[in-house]
Amino acid sequence: MSQTTITVLNADGSLCCSFAGVMWESLAQQANNHWANIPLACCAWACSVCACYVLEGRDNIDHELLGTQLTTLDTDDQICSCIAWIKPWNSWSIVIKKWR
Ligand code: FES
């Protein structure tokens, strides 16, 4: 089992939540299980309402697991958290920041 710690910051940089990550749920699902309130709509990388900035651990996030990108994000340091998953079998630290 992964021992990833996921930290979610609010758009103003304040701490939203921090929790032990799991491999079988998207970052947005996991964060919302901890009251992060990341907006979700398509859950298919098509609308980008779930976009988050990755402040730490980008190499530890698989953001192409579920297919092809259908929308363009504003910057390269963003991911669509609805389809982003943590990579398995290691200990990671991932920090994301909500953009709204
Ligand atoms: S909810 Fe639409 S891209 Fe994530």
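Two strands count as paired when DSSP finds at least two bridges between them. With that in hand, here are some exercises on this predicted model.

**Exercise 1.** Find the bridge partner of Val54 in β7.

*Solution.* Start with the two strands: β3 covers residues 51–56 and β7 covers residues 93–98. They run antiparallel and are joined by 4 bridges. With at least two bridges needed for a pair, β3 and β7 qualify through their 4 bridges. Within β7, Val54 has Ile96 as its bridge partner.

**Exercise 2.** Place this pair in its sheet and name the edge strands.

*Solution.* First, write down the strand order: β2-β1-β7-β3-β5, an open sheet of 5 strands with mixed pairing. Next, look for strands that pair on one side only: these are β2 (15–20) and β5 (78–80), the edges. Finally, add the twist: neighbouring strands in this sheet are turned against each other by 30° on average, ignoring direction.

**Exercise 3.** Work out where the helix falls in the order of elements along the chain.

*Solution.* Begin with the inventory, which is 1 helix and 7 strands. Then read along the sequence to get β-β-α-β-β-β-β-β. The helix therefore sits after β2 and before β3.

**Exercise 4.** Compare the radius of gyration with that of a compact globule.

*Solution.* For 100 residues, a compact globule would have a radius near 13 Å; the chain has 12 Å, which agrees. For the overall extent, the C-alpha atoms fill a box of roughly 30 × 30 × 25 Å along the principal axes. As for burial, 31% of the 100 residues are buried. Last, take the contacts between residues at least 6 apart in sequence: 63% of them join residues at least 24 apart.

Conventions
Residues are numbered from 1 along each chain as its sequence is written. This is a predicted model: local features need pLDDT of at least 70, side-chain atom pairs count only at pLDDT 80 or more; totals for chains, interfaces and linings use all residues. The radius of gyration is taken over C-alpha atoms; the globule rule is 2.2 Å times the number of residues to the power 0.38. A residue is buried if 20 or more other C-beta atoms lie within 10 Å of its own, exposed if 12 or fewer, and partly exposed in between; C-beta atoms are placed from the backbone. Two residues are in contact if their C-beta atoms, placed from the backbone, lie within 7 Å. Axes are lines fitted to C-alpha atoms, for helices over the stretch in contact, and angles run from 0 to 180 degrees between N-to-C directions.
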